Amino acid sequence: MLGTEERQLEGPVVVAKAGPIAAYNQLKDEGELRPDADQARVVARLQRLYDELVDYPEIGSHGIGLSIKTWRLAQLLSRSRNRQTPQGVYLVGGVGRGKSMLMDLFFEVAPLKSKKRVHFHEFMLDVHARMKVWRGLSGKDRAALGGHASEDNPIPPVARQIAAEATLLCFDELQVTDIADAMVLGRLFKELLERGVIIVATSNRPPDDLYKDGLNRQLFLPFIEMIKNTFEVMTLDGPTDYRYDRLKGVETYYTPVNQETTDKLAAAFFRLTDRDIEDRHKVPTDELTVQGRSLFVPKCARGVAVFSFKRLCANPLGSADYLAIARAYHTVIMVAIPQMSKAKRNEAKRFVTLIDALYEHGVKFLCNAEVPPADLYPDGDGAFEFERTVSRLIEMQSEDYLARGHGTDR
């Protein structure tokens, strides 16, 4: 069930046996990355974790029915004497410093078969869905899944399920804004860690700022202490905001739709992803899972996705699809936005929903369109509401917006 964002590292293939340092150096040698002392420090820490995971016993399906006490004994018997569970990493820093990129690099080479990389928000949606399912099971079904018939607390069995699927969990953009998440996290992480799950997470917030000003925050404070005491908290806050640096001097809204503006968008894509335009045939595709459906992404790299207006707005997509895109990518490039008439009111409504999702998550939006924003949908049902979209399209071109982080926090 985990998985709307279980993606492999986009970009050059790296050799798993080499570890993060060799993979990072390879990307520098190929011109994909610039030398960065702050990033190198984090890579060195991830290399140490990599070394500790070599021959680390994977949990697998046999962990579903084991109690924590029995699981600990199994782990001890399968490891060399005095070997400790490796310490996870909580990587915090500003926007565009490379947190997600380094975590993806580590995930790609991590010497484990049982591993998952997932956006934290999607992970928590999955957790709540699993908890709901467990509560609805009969005692017989619970026992068949390795639990106890009378086990009403869904967190331990859900933790067992997750641990059986992934010995290594990599979370992108760990942030807590929902009280339901806040009340679950401490107990869930405790169960996962006690079962030997290794966690690497990125966040724009230091632990002490998680769930700041949230309802009943005092109940969340033990989780913060757990993070500080259990994980190595590392700061990645070098002087360069690579994401914003790549956007400087790049126009975000081009008119009209023609070969010239399409070529400019292509050039922007390769600049934002540190790729050579000659390698356009090597740009990978992606696929997001949204409510059990597959959403195809024609081109993507380094958190930048490319779509046509027709693909996203002429097809029957909805807010769930657009939210999945907004959470998965920090930059979206849209090609060929037409001027919409009354006959295209459905396309206009979908475009409004898309821009709302991107705006609320701080996603950078580049496009070419037949006309300026104010003329995109001048008449028809919802034209008055479309004025807010026009305002957002204009704001999304501003330096203040381009400097915003990716996520729901402003």
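Trainee: In this predicted model, which residue stands opposite phenylalanine 171 in strand 4?

Mentor: Phenylalanine 171 belongs to a pairing between strand 3 (residues 168-172) and strand 4, which run in the parallel sense over four bridges. Strands of a sheet pair through backbone hydrogen bonds, either parallel or antiparallel. In strand 4, the residue opposite phenylalanine 171 is alanine 201.

Trainee: Through which helix does the chain cross from strand 3 to strand 4, and what is the hand of the crossover?

Mentor: The two strands pair in the parallel sense. The link between them is a β-α-β crossover that passes through helix 8 (residues 179-194), and the crossover is right-handed.

Trainee: Which residue of strand 4 is the bridge partner of tyrosine 90?

Mentor: Strand 1 (residues 89-92) is joined to strand 4 (residues 198-203) by four bridges, and the two run parallel. Phenylalanine 171 stands opposite alanine 201. The bridge partner of tyrosine 90 in strand 4 is likewise alanine 201.

Trainee: What is the strand order of the sheet with parallel pairing, and which strands are its edges?

Mentor: The sheet is open, has five strands and follows the order 2-3-4-1-5. Its twist averages 15 degrees from one strand to the next. The strands that pair on one side only are the edges, namely strand 2 (115-119) and strand 5 (232-235).

Trainee: How many residues of strand 4 are buried?

Mentor: In a regular strand the side chains alternate between the two faces of the sheet. For strand 4, Ile198, Val200 and Thr202 are buried on one side, and Ile199, Ala201 and Ser203 are buried on the other. Both faces are thus covered, and the count of buried residues is six of six.

Trainee: What is the order of the open sheet with mixed pairing, and where are its edges?

Mentor: This sheet has five strands in the order 6-12-11-10-9. Each edge strand pairs on one side only. The edges are strand 6 (253-254) and strand 9 (299-301).

Trainee: Which residue in strand 12 is the bridge partner of isoleucine 337?

Mentor: Strand 11 (residues 331-337) pairs with strand 12 (residues 364-369) in the parallel sense, over five bridges. Within strand 12, the partner of isoleucine 337 is alanine 369.

Trainee: Which helix gives the largest share of the largest nonpolar core?

Mentor: In soluble globular proteins, nonpolar side chains tend to be buried together. The largest core here has 43 residues, and Met334, Phe351, Phe365 and Leu376 have the most contacts inside it. Leucine 376 touches Ile337, Phe351 and Ala369, among others. Its largest share, eight residues, comes from helix 14 (residues 345-360).

Trainee: How many residues are in the second, separate core?

Mentor: This core includes Ile155, Val158, Leu188 and Phe189. Its total is 36 residues.

Trainee: What percentage of the residues in the protein chain is buried?

Mentor: The chain has 16 helices and 12 strands. Its accessible surface comes to about 18400 Å², with 51% belonging to carbon and sulfur atoms. Counting as buried those under 20% relative accessible area, the buried part of the 410 residues is 53%.

Key:
Residues are numbered from 1 along each chain as its sequence is written. This is a predicted model: local features need pLDDT of at least 70, side-chain atom pairs count only at pLDDT 80 or more; totals for chains, interfaces and linings use all residues. Side-chain values use heavy atoms; hydrogens and water are left out. Two strands pair if DSSP finds at least two bridges between them. Axes are lines fitted to C-alpha atoms, for helices over the stretch in contact, and angles run from 0 to 180 degrees between N-to-C directions. A nonpolar core is a set of buried Ala, Val, Leu, Ile, Met, Phe, Trp, Tyr and Cys residues joined through side-chain atoms within 4.5 Å. Buried means under 20% relative accessible area, exposed over 50%, partly exposed in between (1.4 Å probe, protein chains only). Contact means heavy atoms within 4.5 Å. A crossover is right-handed if, with the strands pointing away from the viewer, the path from the first strand over the helix to the second runs clockwise. Accessible areas come from the Shrake-Rupley method with a 1.4 Å probe; for residues, only the protein chains shown count as cover. Lists of a residue's contacts leave out its neighbours within four places in sequence.
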